[in-house]
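Here are some short exercises to work through with the model open beside you. Try each task first, then follow the solution step by step.

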Amino acid sequence: MPHEPTARRVPRAQNPLSRIQIAVAVVAVLVLVITGFAWRSVDSLRSNLATIGGLGLGGTKDGAVDILLVGTDSRTDAHGNPLSQAELDSLRAGEEIASNTDTIILVRVPNDGSSATAISIPRDAYVDVPGIGKSKINAAYGATKETERQKLIEDGESEKTAEKESSQAGREALIKSVANLTGVTVDHYAEIGLLGFVLLTDAVGGVDVCLNAAVDEPLSGAKFPAGEQTLSGPNALSFVRQRHNLPRGDLDRIVRQQVFMASLVREVLSAKTLTSPGKLSQLSAAVKRSVVLDSDWDIIEFATQLQDLAGGKVRFETIPVVDINGMTDYGESIVQVDPKAVRKYVAGLAGQEPAEDDATTSTTPTTMPDIDTSSVTVDVANDSSISGLASSVAATLENEGFGLGDVGNNTGKSVSRSTVFANKSDSKAGQAVAVTLGGLPIESDSSLASGEVRVVLAGDYTSPPSSSSSTGSGGVSDAGTSPTPVEPGPAIDAGNKGPHCVN
């Protein structure tokens with residue numbers, strides 16, 4: 001879809017640092033990562049940014065540089081220093097201290113640097129989280145961090161060491177969760193706390209937004225009239241944090257985040273910002289205090305590759321969603337997603353084909369074959385961290401008349417998705433088990449006899465709708481209602497004039 005030309009183009013300065021500033025403004029500040037260093041030295045930039053290493057990033061070429069941007073509920077700054085009481089009060093975020101990641105955005109920049117797409121992932125997306133099993137993706141960081149922190153404290157580590165190492169574990173878990181869901185290799189990582197939204201907004205003199213209707217929601221502090229308005233830092237934070245009393249809940253909040261970031265990009269690219277040493281200095285200070293980057297990311301070199309990127313080539317989209325009103329079998333509301341559809345969508349943004357699943361030779365049956373289930377013996381192995389999953393699935397199979405073999409934890413090769421193994425991929429025994437368990441893929445294993453089947457369960461397993469048993473620990477329930485998919489909406493770009501009106 002063609003885009004409007006940028007209303008006002010600021011001439012590109014000859015100084016390479018000026019080109020860096022513009023590129024960073026479009027791509028990195030676009031996702032609240034970094035900006036405003038045109039008039040400062042490169043050494044100052046590199047030495048004052050908070051960085052972290054050892055996150056296992058990169059390593060696979062997939063047609064794009066992929067940046068994971070994470071917004072956390074942290075009550076500290078990027079360097080771990082506690083916020084002042086005045087700053088905490090300005091956040092309007094309550095007293096509860098948490099480490100959830102309520103903003104998760106994957107930024108895809110094709111290798112030719114011609115565009116950038118910021119892909120939002122709903123915080124309640126129900127995904128496979130390493131070490132946890134099926135969970136809302138926003139808990140990947142926080143739950144992993146707290147589990148590791150408690151373990152380190154029990155082992156005698158200091159609070160400071162436990163905080164640092166557990167935060168590292170949380171970040172790694174989130175990176176792997178996003179990579180598993182989207183099928184891409186995360187190349188770089190950027191993290192910003194609540195304070196960053198406030199500081200960056202105030203640094204550019206406020207951000208323009210537009211509401212379809214007036215809102216008054218005390219939990220987030222969002223109280224705004226309808227129509228266009230300019231929001232200061234604390235109000236902007238309330239604007240992007242509200243999720244209650246919105247027609248589509250978290251999905252509407254995602255749209256708010258997207259229009260906020262698009263508006264912020266326009267402000268940063270405007271002449272009044274690019275030519276103001278005072279605003280650039282304030283932006284620099286905001287980023288240095290509130291942003292954490294991975295230590296392997298040379299942001300200066302990266303920015304020089306993107307110096308010709310225009311605001312209209314920066315888009316904001318959201319992953320496809322199966323059901324925005326999903327429910328687990330233990331009553332937790334979730335956003336249900338189809339990883340295969342997500343991977344296809346994300347790959348298409350860089351003009352690539354989606355990566356194949358590990359089981360490239362598998363088949364997925366849909367109809368029950370004519371077979372006596374009592375003639376089939378099934379081993380069930382739990383390859384997830386979901387306690388009791390193998391026993392629950394074994395009970396389902398036994399209720400359907402299958403014979404049981406070994407039931408317990410997996411001691412063989414790990415799997416990335418739940419799989420049925422049989423001596424042949426078209427084995428009737430394997431097909432019967434696969435259909436009973438909701439249509440799992442089948443892979444061949446010549447070591448198995450014709451009547452033997454092995455089921456290996458990963459964290460993605462969900463109970464089939466017809467199953468009378470429940471895993472009790474991660475399945476998606478069928479409440480008899482139709483899924484509520486997300487209506488596809490137009491991409492929001494940073495090149496349009498004025499704010500996009502939203503719920």
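**Exercise 1.** Find the salt bridge that Arg289 forms with Asp77, and work out which parts of the chain the pair links.

*Solution.* Start with the distance: in this predicted model, the closest N and O atoms of Arg289 and Asp77 are 3.5 Å apart. That meets the criterion for a salt bridge, a side-chain nitrogen of Lys or Arg within 4 Å of a carboxyl oxygen of Asp or Glu. Next, place the partners: Arg289 sits in helix H10, Asp77 in the loop between S2 and helix H3 (85–91), and 212 residues separate them. Helices (H or I, at least four residues) and strands (E, at least two) are DSSP runs, numbered from the N terminus. Finally, check accessibility, where buried means under 20% relative accessible area, exposed over 50% and partly exposed in between (1.4 Å probe, protein chains only). Arg289 is partly exposed at 26%, while Asp77 is buried at 11%.

A word on conventions: residues are numbered from 1 along each chain as its sequence is written. As the model is predicted, local features need pLDDT of at least 70 and side-chain atom pairs count only at pLDDT 80 or more, totals for chains, interfaces and linings use all residues, and side-chain values use heavy atoms, with hydrogens and water left out.

**Exercise 2.** Which residues are tied together by the salt bridge between Glu87 and Arg289, and how many residues apart are they in sequence?

*Solution.* First, the N to O distance between the side chains of Glu87 and Arg289 is 2.6 Å. Second, Glu87 belongs to helix H3 and Arg289 to helix H10, so the bridge ties together parts 202 residues apart in sequence. Third, Glu87 is buried, with 18% relative accessibility.

**Exercise 3.** Describe the salt bridge of Glu146 with Arg149, then place it among the others.

*Solution.* Begin with the closest N and O atoms, which lie 3.1 Å apart. Both residues are in helix H4, and because they are three residues apart, about one helical turn separates them. Glu146 is partly exposed at 34%, whereas Arg149 is buried at 17%. Elsewhere, Arg123, Asp124, Lys136 and Glu332 are joined into one network by salt bridges that share partners. The structure holds 12 salt bridges.

**Exercise 4.** Characterise the largest cavity by its volume and its lining.

*Solution.* On a 1 Å grid over the protein atoms alone, a cavity is a set of points where a 1.4 Å probe fits but cannot get out, and lining residues have an atom within 4 Å of a point. Grid points are joined across faces, edges and corners, and a volume is the space filled by probe spheres set on the points. There are two cavities of 30 Å³ or more, and the largest has a volume of about 100 Å³. Its lining includes Asp73, Asp102, Arg241 and Arg253. Strand S2 (64–72), strand S3 (101–110), H6, H7 and H8 each give two or more residues to it, and H7 gives the most, three.

**Exercise 5.** Which residues of helix H13 (residues 389–399) are buried, and what covers them?

*Solution.* List the buried residues first: Leu389, Ala390, Ser392, Val393, Ala394, Thr396 and Leu397. Then look for contacts (heavy atoms within 4.5 Å): the cover includes strand S16 (377–382), strand S17 (403–409), helix H14 (428–436) and strand S20 (452–457). Last, step just past H13 to find Gly401, which takes a positive phi of about 95°.

Technical notes. On a 1 Å grid over the protein atoms alone, a cavity is a set of points where a 1.4 Å probe fits but cannot get out, and a pocket is an open set with protein on both sides within 12 Å along at least five of seven lines; lining residues have an atom within 4 Å of a point.
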